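Student: I would like a close look at a single part of this model. Please take me through it step by step.

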Amino acid sequence: MKSTGFISGEQVHESVDTDLSIRIIAVRVTSAREKQTSSTSSGQLDNMPVHVLSEGAGPGTQVPNDLTRIPTSDINPIINPSNKAVQGKVVRKGPLVLAADNFILKAVIQEEESQTDTSAQSASINVVLMGTLAKEFNLSVKQGDVLMVSGFTVGKSPTANKDKLHPWNLQLSGDKACVYVFSQPTPPDPRSQPAVKRNAALSSQVSRATKSPKYTYVRLDDLKAESVVNVYGVVTFFKQPYKSRGTDFCSVLKITDQSNEEILCKIFCKKLEDHPKVLQVGDIVRLHGVKFHYFRDSKELLKTFGFSALTFDGVVGNPVEPRTSSQSVHFDEEDRRRVEELRSWYSAKSVLPAVSTTPLSAVTPKVYFDLTCQLLAKTFIDNTRTLLSVWDGTRCSYPLAKVKLDPDVTEGPSSFCEEKESLIANILVYDNHSVFARQLKPGNFLRIYNLHAVPGSITGPGIISDHREKEEHLVLYLHGGATYGRGMQILPEDSSDVRELKRNIAAFQMDTSMSDSEMIDVWCTPPESTVSSERRCDHDVQPKTLFQLKQSKPSGVHHVRVQLRSYEPFRLYQALKLYCSKCKTIREIPDEETIADVFSKAARSTQPHSPLPFLVSERRSFWKCLSEYFFEAHILTYFVPQRLRELIFLRGLTLEEMCSMASCYHNVIPVRSSRGDMALLDLFVPFLFRGRRRYYGCDKCSEVRVTDPCLEDIEPIDEKIIAKGLGVQLMQFVLLMKFELQDATDSLDVFLWRDAELFFGVSAEFAAVGQEAQDRIGQIMDFLCPPESNPGERPWLDLCLRAYQSESNGGRSQTCFEICQTTFTGRPSTD
DNA sequence: GCTTAGGGTTAG
């Protein structure tokens, strides 16, 4: 059944969801069962190249007896590999690649600690699978699985120098090659659970692991030399990625976890975006594919083959959103739990709060500090120096060095109003940082690490020092190099630090006479071309930031330019409601099952009722709709027997039959017997069907009377006329949604309902029955709030908001906002 | 393909 209406949508959605999950499980179950059967019942393994052995069973079962297991350290090209097998855990599974008409898949397996000397480089070995085996492997094996391979040949590993793994690899192709998989995920932290409980934990892990790849993470005190692992940790020190003398960027982090081990991680990646996006000490990183080893007796983790990184804010209570440039990230509830555990562990442990940047107001001479700020202007001085003019909305208690900027070599304004000028700090950035500064644009939000506040003055070409008393002023330096994590970073627009910074700046703006335009021009106004809605009102009010709006005890109308951060309900059919304009009540549309139930009960009641004089009772064959189904209908016909002028009162039909009739006859009114009289059904269900449209009455405001509504002279007959004739207070269809808006300064929940039709350009009534209208709303919401998008990159909206007072549950009055007189204008994406 | 760096202040 295709989803045809918001009303029936819930049911449809659920059945789709259910079907989907059953299908996924069914495929898994079937394939697992088939494989188990084939590997156990015949006594001999069939010719399937990848065998999944019973899940949770220990390694060593169901593998042919004639295979001899050998340690990876024994692998070399001289051994005779026939009847030999190698066992290990899959620590990396590469993609299935089609090369020269043949499928290839590379994986790395690692021997488990009990079976080998893990300090050897040879503990992890590359496995190269070809042909059907590669395809089978891709489908049946996931990272973390333990497997045994046989029928391999030994080749030279071309990547041994790079990945520091086993110098030889195992090549699997042809009839003899075989992979036995022991699907055996490891619990997240085995030591936290008593051994006897492991089986139970394992079985739940197995059931979850069937849905998505599962990674295992090693605690930092449990690392084995030369092992390639995945780890979680809290960052205790970091250097921003910087250009190494080699070919890559290098970033250095020190991480810790509940074991209190502190380990240095070195990450070399050519692309900046592949580095962990650490913003401050206390951030949490998840590193995949790092190799543990010792360097001069110190423990180190080194980026290796299969490396990837996620970074999380470390503040307890903040949203757990991974920072990454990767398009496909495996991130599940267990990851969320790990992040939250590390956050609370670290916050309980550390004396200082995780946030460590210093506002300008707290800067004193000679200190080194980190600063979160906004770049206002950038001045090129010479090959080694760039001057950055920044602010953070606070005033330094020591006088800052002032300069006059040469407009010819300055990007951004070269002068500012006096109020603003008094907050601006000028920073000299040197060498590598001066090179980095080339990419900065005025307006960028920056975090600058290890700034140095030094008494003095600023001189140089393009700069005119603005004062004589050198020693009394502070100059901020970002010295060259990367020691102490020195460097800077552009902060993402939607980060909590940037929001806070913007609030500080906005608060300063409100306290002074600074014009809105000067401020907003820098950091609030997105390009005109990205604005996707238009105000249709004629209010003459200046746009405000959300922060200003919330501060100002608002009433009346306000204009804002905002982005959509989230919305409710996510399932759009739930946005459709019924509204009574008389008693102002909004109620839910009952679901299809509930309506059908009311009709079935009414249909089963067979009590007769006295005939109503204005109705012609007929026994008709409604063959068109119910295929030769004879039943009594009570028909009120005006003038000539013309279908459109008939009201058909039907008793004893199920909802399905009623819909079928309504598809052929206009104005179908369901009725029942009530104490010997004909009456309408409960007003909870539709009182009128007109084609696919259903109409509801307000049970509080209706005074129902089944009499002749006297519609002879009325043209055309519509639902309003019929409702009036029956004494029914007609309810309107309305769309009711809650939008969470955001701008540079804050976020705000607002409602969209009375003007929702204007906003979406569709009628709610049409949306109740028309797929087209629903699709349009869905497309608009997807356009404004794409499911996978970064909130900062979403389209902007010019909105007119009306503030009003509403009583909360506790009886207290609260300010609410409603979007009004605004139309969506952006073009929904059609691809 | 291999190296890079391997935390621990510029000296403007």
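Leaving aside neighbours within four places in sequence, which residues is Thr304 in contact with?

Tutor: One point before we start: this is a predicted model. Now to your residue. Leaving aside its neighbours within four places in sequence, Thr304 is in contact with Asp163, Val228, Gly289, Val290 and Lys291. Where does Thr304 sit? It lies in strand β15. Its relative accessible area is 8%. Buried means under 20%, so Thr304 counts as buried.

Next, look at the strands around it. β15 belongs to a barrel that five strands close. Follow them in the order β11-β12-β13-β15-β14. The pairing in this barrel is mixed. From one strand to the next, the twist averages 50 degrees.

Helix α5 also belongs in this picture. The helix covers residues 333–349 and packs on the sheet. There it touches β11, β12, β14 and β15. So where are those last two strands and β12 in the sequence? β12 spans 249–256, and β15 spans 298–312. The direction of α5 makes about 65 degrees with that of β11.

Now go to the join between β11 and β14. Strand β11 takes in residues 228–243, and strand β14 takes in residues 284–295. These two run antiparallel. Six bridges join them. One residue to find here is Val228, whose bridge partner in β14 is Lys291. You have met both names already. Val228 and Lys291 are among the contacts of Thr304. Trace that trio on your screen: Thr304 in β15, then Val228 and its partner Lys291.

Let us finish with empty space. A search of the whole structure finds three cavities of 30 Å³ or more. The largest cavity holds about 60 Å³ of space. Which residues line it? The lining is made up of Lys214, Tyr215, Tyr217, His330, Asp332, Glu334, Asp335 and Arg338. Sort that lining by class. Two residues are nonpolar, one is polar and five are charged. Now recall helix α5, residues 333–349. Glu334, Asp335 and Arg338 from the cavity lining fall in that range.

To retrace the route, start at Thr304, buried at 8% relative accessible area. Move through the barrel of five strands. Cross the six bridges between β11 and β14. Then step to helix α5, which packs on the sheet. End at the largest cavity, with its five charged lining residues.

Definitions and conventions:
Residues are numbered from 1 along each chain as its sequence is written. Chains are lettered from A and ligands numbered from 1 in the order in which they are written. This is a predicted model: local features need pLDDT of at least 70, side-chain atom pairs count only at pLDDT 80 or more; totals for chains, interfaces and linings use all residues. Side-chain values use heavy atoms; hydrogens and water are left out. Two strands pair if DSSP finds at least two bridges between them. Helices (H or I, at least four residues) and strands (E, at least two) are DSSP runs, numbered from the N terminus. Axes are lines fitted to C-alpha atoms, for helices over the stretch in contact, and angles run from 0 to 180 degrees between N-to-C directions. Contact means heavy atoms within 4.5 Å. On a 1 Å grid over the protein atoms alone, a cavity is a set of points where a 1.4 Å probe fits but cannot get out, and a pocket is an open set with protein on both sides within 12 Å along at least five of seven lines; lining residues have an atom within 4 Å of a point. Grid points are joined across faces, edges and corners, and a volume is the space filled by probe spheres set on the points. Ala, Val, Leu, Ile, Met, Phe, Trp, Tyr, Cys and Pro count as nonpolar, Asp, Glu, Lys and Arg as charged, and the others, Gly among them, as polar. Buried means under 20% relative accessible area, exposed over 50%, partly exposed in between (1.4 Å probe, protein chains only).
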